[in-house]
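Please open the model in your viewer and keep the selection panel at hand. The stops below each name something to select and then say what is there.

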Amino acid sequence: MGPVPRTLELFYDVLSPYSWLGFEVLCRYKNIWNISLQLRPSFIAGIMKDSGNQPPALLPRKAQYLRNDVRLLGQYVQVPMHLPKDFFSVILEKGSLSAMRFLTAVSMEHPEMLEKVSRELWMRVWSRAAEKAGMSSEQARGLLEKISTPKVKNKLKETTEAACKYGAFGLPITVAHLDNQTHMLFGSDRMELLAHLLGEKWMGPVPPAINARL
Amino acid sequence: MGPVPRTLELFYDVLSPYSWLGFEVLCRYKNIWNISLQLRPSFIAGIMKDRNQPPALLPRKAQYLRNDVRLLGQYVQVPMHLPKDFFSVILEKGSLSAMRFLTAVSMEHPEMLEKVSRELWMRVWSRDEDITEPQSILAAAEKAGMSSEQARGLLEKISTPKVKNKLKETTEAACKYGAFGLPITVAHLDNQTHMLFGSDRMELLAHLLGEKWMGPVPPAINARL
């Protein structure tokens, strides 16, 4: 048997386009690198509040930059990113509490669906295309009922607090548990550095599938 | 003769450690990619003013920055060492004289700009040395290979309207490109201009240029002769 896979925790919120980029890159590499990817649905507004930070979109020049950056990176990372017309209202007003509580419920009851449902939600917020995640409507309804239970609300709170304890001031964060150290990396643009810390090879954001471990 | 090199403008301030990382990566690639690298000394406090605030002001960002800069320094092979009084360096002492000096260098001895910039970064971000006093700036210039006469001559010019205005103009140019911090790299392609913020958009830059990304420390043997 080979060496034990290193645990990577990805804390994310579907409201965050950079979370989507980081998520897709790590999902591609989870079958290439010797890692165990743990998805941690979190609440970005909670992280902003706890850290005293504010959404970058509130600063006009950052909002302008973000639009271009997200578009270019979407092309490069091959993620179908399209900024919604009501960009500001999505980010700043609608928020993501129900969506992240829903994903928390999925992570508790159907963790094998978490990746697909997360992707489906990102598609809805950040892409014009919509796909079916393959969840039956009963399953989905059952989970929707659970999102305002204390159990689910608390779990989302705990996960968000865990991210804060790691030092998060935004999302996504990737927490890499190595033999002797734990590293918290912020953003979707620290994946090449992450490869270096893991002693793995960086093959860009769209690695060839033939390298997938069987 | 081959295709015309694409112009890349790098707007930077020696107070910014990420500027140093971006600078070194682009200096390595300027002999590999078909680019013309134009260094644009700018004033980060001028860019932040009324628009943004230094990340170091938020406690969790300050904490993150310390680790991030250290790890990236190792990965990018730049001898980055955080100053002991990190906050004082960034938030109090600043970089106005240093960036005015580099502006004067860019106007009168542009061939020295890369080396003098590097020596100033080495002082503040590698050896925890001052960059605000005249003697400090002269020492950096001399270490870069300038004679003390040349260096002193340029130092005298840093409070002239000509140099002050040039730094202001360059900083305003960065703002016009949409900067809210530094470094920014502005890539002038055939049909588009792209402004990329940070030292972590170099792989994307390679993609936009149609060039190959070989990591932050590309093999020197690929250098064009």
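The tour goes from one chain to the contact between chains, then to an enclosed space, and ends at a single residue.

Before selecting anything, note that this is a predicted model, in which local features need pLDDT of at least 70 and side-chain atom pairs count only at pLDDT 80 or more, while totals for chains, interfaces and linings use all residues. Residues are numbered from 1 along each chain as its sequence is written, chains are lettered from A and ligands numbered from 1 in the order in which they are written, and side-chain values use heavy atoms, with hydrogens and water left out.

**Stop 1: chain A.** Select chain A and colour it by secondary structure, which comes to 9 helices and 4 strands, where helices (H or I, at least four residues) and strands (E, at least two) are DSSP runs numbered from the N terminus. Followed from the N terminus, the elements run β-α-β-α-α-α-α-α-α-α-β-β-α. Of the 214 residues in chain A, 54% are buried, a word that here means under 20% relative accessible area, with exposed over 50% and partly exposed in between (1.4 Å probe, protein chains only).

**Stop 2: between the chains.** Now show chain B as well: 31 residues of chain A are in contact with 28 residues of chain B, contact meaning heavy atoms within 4.5 Å. The area buried between the two chains is about 2700 Å², with 57% given by carbon and sulfur atoms; buried area is the accessible area (1.4 Å probe) that two parts lose on being put together, summed over both. Select Arg61(A), Tyr65(A) and Tyr76(A), which supply 27% of the area that chain A buries against chain B, more than any other three residues. Next select Arg201(B) and Asp69(A), which form a salt bridge whose closest N and O atoms are 2.8 Å apart; the term requires a side-chain nitrogen of Lys or Arg within 4 Å of a carboxyl oxygen of Asp or Glu.

**Stop 3: the lining of the largest cavity.** Select helix H1 (17–29), helix H3 (60–77) and helix H9 (191–198) of chain A, then helix H1 (17–29), helix H3 (59–76) and helix H10 (202–209) of chain B, since each supplies at least two residues of this lining. A cavity is a set of points on a 1 Å grid over the protein atoms alone where a 1.4 Å probe fits but cannot get out, and lining residues have an atom within 4 Å of a point.

**Stop 4: Ala144(B).** Finally, select Ala144(B), which is buried, with a relative accessible area of 9%.
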